[in-house]
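Student: I should like a close look at a single part of this chain. Please choose one strand and describe its surroundings in detail.

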Amino acid sequence: MKFHLLTIFPAFFDGPFQHGVVARGAQFGSLELKVHDLRKYTHDLHRTVDDRPFGGGEGMLLKPEPLFDAVEDIWPERTPQRRVILLSASGRKFTQQVARELLQYEELLFICGRYEGVDERVAEHLADEELSIGDYVLSGGELAAAVIVDSVARLLPGVVGNADSTVNESFEDGLLDCPQWTRPAEFRGWKVPEVLLGGNHAEIKKWRKQAAREKTARFRPDLLA
Ligand code: SAH
């Protein structure tokens with residue numbers, strides 16, 4: 001899968017994509033990451049990407065022309081396997097299910113907003129959809145795009161070493177992940193549940209399911225409803 005990131009801060013992604021499974025996935029060819037500098041698509045001396053909102057109000061908006069030019073240059077042709085996603089606080093809420101849904105595309109292009117946001121024509125006529133990573137306001141779409149790329153990338157075949165580890169996880173079956181422990185079996189007097197120390201795999205499986213249910217009921221009852 002190929003991920004495109006359109007941003008006024010290309011260096012922003014140096015950090016998030018240079019570590020762990022995303023970096024390894026890119027290194028071994030399970031995924032491709034391409035960061036595009038929006039300013040490359042400006043045509044004036046000052047490389048202007050923003051302008052004041054019509055009707056007044058604070059702040060600036062990303063102008064439509066460089067965004068349309070950039071997307072049309074990156075993808076001269078739009079196909080059903082290519083999806084343009086505008087990061088936006090007013091978008092559809094991103095969840096693990098949406099991450100799985102995005103696996104159907106061959107390429108994703110993320111438009112990272114800045115300032116007070118983006119000219120509405122981008123949402124209406126350029127993006128296929130708007131996604132939000134939660135009910136709070138970020139100063140830019142870059143962090144949100146990195147969150148989405150990370151969670152989609154780790155679902156791609158070969159990116160996370162053991163495919164099962166992305167199946168038995170929080171939200172995959174409507175439950176949170178079950179609590180887990182590692183050695184030592186006793187630490188400062190706190191003991192690991194006895195059942196996990198024995199080798200009875202059927203018992204362990206049953207115990208984990210129950211523990212996941214209890215944890216979900218306690219912390220995220222909305223998931224059970
Ligand atoms: N005025 C806007 C916020 C603009 S924040 C509003 O009130 O909704 C600047 C940019 O950050 C946005 O264009 C968007 O790309 C990004 N952003 C902010 N919050 C986000 C969120 N919760 N999810 C995804 N992107 C977000």
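Tutor: In this predicted model, the chain comprises seven helices and nine strands. Its C-alpha atoms occupy a box of roughly 70 × 40 × 35 Å along the principal axes. Of the 225 residues, 39% are buried. Among contacts with a separation of 6 or more, 74% join residues that are 24 or more positions apart.

Against this background, the part selected is strand 6, which spans residues 107–111. Five of its five residues are buried, that is, each has under 20% relative accessible area, and strand 6 is therefore largely enclosed by the rest of the structure. The cover extends to both faces of the strand. On one side E107, L109 and I111 are buried, and on the other L108 and F110 are buried.

Strand 6 also has pairing partners. Strand 1, residues 2–7, runs parallel to strand 6 and is joined to it by five bridges. Within this pairing, L109 of strand 6 has H4 opposite it. Strand 5, residues 82–93, likewise pairs with strand 6 in the parallel sense, over five bridges. Here I111 of strand 6 stands opposite L86. The path from strand 5 to strand 6 passes through helix 3, residues 96–102, and forms a right-handed β-α-β crossover.

To return to the whole chain, its accessible surface comes to about 13600 Å², and carbon and sulfur atoms contribute 51% of that area. The chain carries 28 positive and 35 negative side chains, with the centres of the two sets 8 Å apart.

Key: Residues numbered from 1 in each chain as written. Predicted model: local features only at pLDDT ≥ 70, side-chain atom pairs only at ≥ 80, totals over all residues. Heavy atoms only, no water. Helix = DSSP H or I, 4+ residues; strand = E, 2+ residues; numbered from the N terminus. Buried < 20%, exposed > 50% of the residue type's maximum accessible area, 1.4 Å probe, protein only. Contact = heavy atoms within 4.5 Å. Areas by Shrake-Rupley, 256 points an atom, 1.4 Å probe, with all protein chains shown as cover. Lys, Arg positive; Asp, Glu negative; His and termini not counted. Charge placed at Lys NZ, Arg CZ, Asp CG, Glu CD. Pairing = 2+ DSSP bridges. Right-handed = clockwise from strand over helix to strand, strands pointing away.
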